[in-house]
Every structure is written in C-alpha cells, then in structure tokens.
Amino acid sequence: GYSVGTGYRFAEIFDPRDERFTPLAAPLALRANHAAHAQPDGRVLILGGETLDATTQAIVPLASVLRFDPVASAFTELAPLAAPRTVA
C-alpha cells in the first residue's frame with residue numbers, strides 16, 4: 001500500500017569521480033512512479049507520476065512536467081502532459 005512517507009521530495013546529483021551523491025534542495029511535491037529522461041544536453045525531464053492527497057489520503061495521478069538544469073542546479077516547471085501518467 002501507499003503511505004504518506006512513500007515517494008520522493010528531493011533530488012541528488014551523483015559525481016562519478018568521487019562516487020558521491022549530493023542532495024539538492026527542491027521544493028517538489030511528493031512524487032512516486034514518475035519517469036525521468038536524461039536529455040543530450042545534460043538536463044533531465046521528470047514526467048507525471050503520483051502523489052498522495054494529504055487530506056483524503058487518495059493517490060492522485062500527476063500530469064506535471066519538470067526540467068532539471070544541472071548547470072543552474074534548478075528545477076523549472078514546464079507545460080503539463082495532456083493527461084496524467086504513471087509508471088508502475
């Protein structure tokens with residue numbers, strides 16, 4: 001089952017030179033079962049997924065799209081998908 005603690009609200013960058021993860025502060029909604037696609041320029045698209053409604057405890061599919069820019073170490077919200085999508 002799903003619980004309030006399930007999902008991710010953070011991101012990390014992996015440095016293969018020293019084999020360490022560095023956490024990024026990210027004001028992201030709790031999200032699970034999303035897709036992440038690396039782009040040729042190093043940016044990453046985060047598509048859809050699911051979140052948990054804190055009030056109703058219902059699982060809510062997401063249509064949101066985020067783009068992570070490693071140069072700026074920042075997330076940008078893009079236009080949403082036409083329909084919510086999850087990867088389960």
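**Exercise 1. Two rings in a hairpin**

Task: Classify Phe21 by accessibility, then find its aromatic partner and describe the ring geometry.

Solution.
Step 1. Phe21 has a relative accessible area of 52%, so this residue is exposed. The cut-off for exposed is over 50%.
Step 2. The structure is a predicted model. A search of the whole structure gives two aromatic pairs. One of them joins Phe14 and Phe21, with 4.8 Å centre to centre and 45 degrees between the planes.
Step 3. Planes under 30 degrees apart count as stacked and those over 60 as edge-to-face, so the rest are tilted. The pair of Phe14 and Phe21 is tilted.
Step 4. Check the partner. Phe14 has 42% relative accessibility and therefore counts as partly exposed.
Step 5. Place the pair on the backbone. Phe14 stands opposite Phe21 in β2. Strands β1 and β2 run antiparallel and are joined by five bridges.

**Exercise 2. The other ring pair**

Task: What are the centre distance and plane angle of Phe68 and Phe75, and how is each residue classed by accessibility?

Solution.
Step 1. A pair of aromatic rings is described by the distance of the centres and the angle of the planes.
Step 2. For Phe68 and Phe75 the centres are 4.9 Å apart and the planes stand at 50 degrees, so this pair is tilted.
Step 3. Phe68 has a relative accessible area of 9%, which means it is buried. The cut-off for buried is under 20%.
Step 4. Phe75 has a relative accessible area of 21% and is therefore partly exposed.

**Exercise 3. Positive phi**

Task: Where do Glu19 and Asn33 lie, and what is phi for each?

Solution.
Step 1. Glu19 lies in the loop between β1 (11-15) and β2 (20-24). This hairpin has four residues between the strands.
Step 2. Phi of Glu19 is near 55 degrees, a positive value in a residue other than glycine.
Step 3. Glu19 has 64% relative accessibility and so counts as exposed.
Step 4. Asn33 lies in the loop between β2 and β3 (35-38). Its phi is positive, near 55 degrees, and Asn33 is likewise a residue other than glycine.
Step 5. Asn33 has 29% relative accessibility and so counts as partly exposed.

**Exercise 4. The open sheet**

Task: Which strands form the open sheet, and which of them stand at the edges?

Solution.
Step 1. Count the elements. The protein has zero helices and six strands.
Step 2. Four strands form an open sheet in the order β3-β4-β5-β6, with antiparallel pairing.
Step 3. β3 and β6 each have a single partner strand, so they stand at the edges, and one side of each has no neighbour in the sheet.
Step 4. On average, neighbouring strands of this sheet are turned by 30 degrees against each other, direction ignored.
Step 5. Look inside the sheet. Strand β4 (residues 44-52) and strand β5 (residues 59-69) are joined by eight bridges. Ile46 has Leu66 as its bridge partner in β5.

**Exercise 5. Around Leu78**

Task: Where is Leu78 placed, and which residues does it touch?

Solution.
Step 1. Leu78 belongs to strand β6 (residues 74-78).
Step 2. Leave out residues up to four places away in sequence. Leu78 then touches Leu45, Val65 and Arg67.
Step 3. Compare sequence and space. Leu78 and Ile46 are 32 residues apart in sequence, and 9.9 Å apart from C-alpha to C-alpha.
Step 4. Leu78 has 26% relative accessibility and therefore counts as partly exposed.

**Exercise 6. Salt bridges**

Task: How many salt bridges does the structure hold, and which residues form them?

Solution.
Step 1. The structure holds two salt bridges.
Step 2. Arg17 pairs with Asp15, and their closest N and O atoms are 2.9 Å apart. Arg17 has a relative accessible area of 74%, so this residue is exposed.
Step 3. Asp41 and Arg43 meet through their side chains at 2.8 Å, N to O.
Step 4. Asp41, with a relative accessible area of 48%, is partly exposed. Arg43, with 28%, is also partly exposed.

**Exercise 7. Whole-chain totals**

Task: What share of the residues is buried, and what is the accessible surface?

Solution.
Step 1. Of the 88 residues, 24% count as buried.
Step 2. The accessible surface comes to about 6,000 Å², and 57% of this belongs to carbon and sulfur atoms.
Step 3. Take the contacts with a separation of 6 or more. Residues 24 or more positions apart account for 32% of them.

Definitions and conventions:
Residues numbered from 1 in each chain as written. Predicted model: local features only at pLDDT ≥ 70, side-chain atom pairs only at ≥ 80, totals over all residues. Heavy atoms only, no water. Phe/Tyr/Trp six-rings, centres within 6.5 Å; stacked < 30°, edge-to-face > 60°. Buried < 20%, exposed > 50% of the residue type's maximum accessible area, 1.4 Å probe, protein only. Helix = DSSP H or I, 4+ residues; strand = E, 2+ residues; numbered from the N terminus. Contact = heavy atoms within 4.5 Å. Areas by Shrake-Rupley, 256 points an atom, 1.4 Å probe, with all protein chains shown as cover. Pairing = 2+ DSSP bridges. Axes fitted to C-alpha atoms, helices over the stretch in contact; angles between N-to-C directions. Salt bridge = Lys/Arg side-chain N within 4 Å of Asp/Glu carboxyl O.
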